[in-house]
Amino acid sequence: MTINPLHTGSRIALAASARKITLDEIKFAIDWLKEKGFVPVYDERLFASDFIFAGNDDFRAAVIQEYLDRQDIDAIWMVRGGYGSIRIIDKLDFTKFALHPKFIIGFSDVTVFHGKMQRLGYPTIHASMPYNFMNKTAEAKQSLYDALLGKPLHYELKPFDMNRFGEAEAEIVGGNLSVLYGMMGSSSFPETDGKILFIEEVDEYIYHIDRMMIALKRAGKLQNLKGLIVGGLTEIHDNPDPFGKTVEEVIFEAVRDYDYPFCFGFPAGHFADNRALVLGEKVNLLVREDLVIVCKL
């Protein structure tokens, strides 16, 4: 299913599905929305606090349910990640959302929403969030703006020695690897057969990455892909007693028995140059010896 692109005057709700937030931490993003001609929608509920969370589970779910239901809201931009979305996703009802579907925007912990929406058949935007938005590159911000307006997204990547050459055309799904791992077996885990899977990760040990990739493989989530795109692998750690492989080698080993193309180094993840991807829509993945191209069809 498609979602109408946004335009000047579109109303974007700011919502907290996980960690708590302060106004100072998102003021830059609010000003950016206004500069782009959008109308940010939020109230004092955005700044609720319940230990690490932006209010308790029922509270956060109720606020997001309101924005899902409202026909005057054109997109929902989750303000930050951390942890908490998985605690509320099953409390939400998407019946009224289906009457006026809208983009849900975010990354990291928001992967829970990406997976759920992909299962329901709606696209979402994997992109930077208001928290730390001032530190994102101009290219990252522009890519989010372009995605909101429905403009074509075209990315060219440098080659990487573990890439597998080939071309694939399919719907792209995925998000943060740890969150995907935690969603396996649930109604929020995206269908991967016949899809291009995107993954990224931050602040994990190499052996944790190995465990998660092996789990995905054992569950049959990797064997029928059309392609694999690996984004940022940021602040990855090893133990004093080394695991013996790089994180890229761990991922390569998990998919080396399959014949689809894959690439490393896509600019999306936990770093400043976090480019937007429209998940749940078709993309073309071209992996060559000299160049990698990922573009929205």
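I began at the edge of a sheet and looked up threonine 124, whose bridge partner in S11 is leucine 279. The model I am reading is a predicted one, and I keep that in mind for every entry below.

I then followed that pairing outwards: strand S5, residues 124-126, is joined to S11 by three bridges, and the two strands run antiparallel. Tracing the rest of the sheet, I found six strands in the order S2-S1-S3-S4-S5-S11, forming an open sheet with mixed pairing. The edges are strand S2 (39-41) and strand S11 (277-279), each of which pairs on one side only. From one strand to the next, the twist averages 25 degrees.

Next I looked up which helices lie across these strands. Helix H1, residues 23-35, lies across strand S1 (11-15), S2 and strand S3 (75-78), and I noted that H1 runs at about 170 degrees to S1. Helix H5, residues 138-148, lies across S1, S3, S4, S5 and S11, and its angle to S4 is about 170 degrees. S1 and S3 therefore appear in my notes for H1 and again in those for H5, the angles being taken between N-to-C directions on a scale from 0 to 180 degrees.

I turned to backbone angles and stopped at serine 108, where phi is near 60 degrees, a positive value in a residue other than glycine. Serine 108 sits in the loop between strand S4 (103-106) and helix H4 (111-120). Is serine 108 buried or exposed? I record serine 108 as buried, because its relative accessible area is 11%, and the cut-off for buried is under 20%.

A second positive phi in a residue other than glycine turned up at glutamate 235, with a value near 55 degrees. Glutamate 235 belongs to the loop between S9 and helix H8 (247-255). Its relative accessible area is 53%, so I enter glutamate 235 as exposed, the cut-off for that being over 50%.

Last, I looked up leucine 233, which is found in strand S9 (residues 227-234). With a relative accessible area of 24%, leucine 233 is partly exposed, since that value falls between the cut-offs of 20% and 50%. Which residues does leucine 233 contact, leaving aside its neighbours within four places in sequence? I noted Glu201, Val247, Glu248 and Ile251. I also checked the C-alpha atoms of leucine 233 and glutamate 200, which are separated by 5.9 Å although the two residues are 33 residues apart along the chain.

Conventions
Residues are numbered from 1 along each chain as its sequence is written. This is a predicted model: local features need pLDDT of at least 70, side-chain atom pairs count only at pLDDT 80 or more; totals for chains, interfaces and linings use all residues. Side-chain values use heavy atoms; hydrogens and water are left out. Helices (H or I, at least four residues) and strands (E, at least two) are DSSP runs, numbered from the N terminus. Buried means under 20% relative accessible area, exposed over 50%, partly exposed in between (1.4 Å probe, protein chains only). Contact means heavy atoms within 4.5 Å. Two strands pair if DSSP finds at least two bridges between them.
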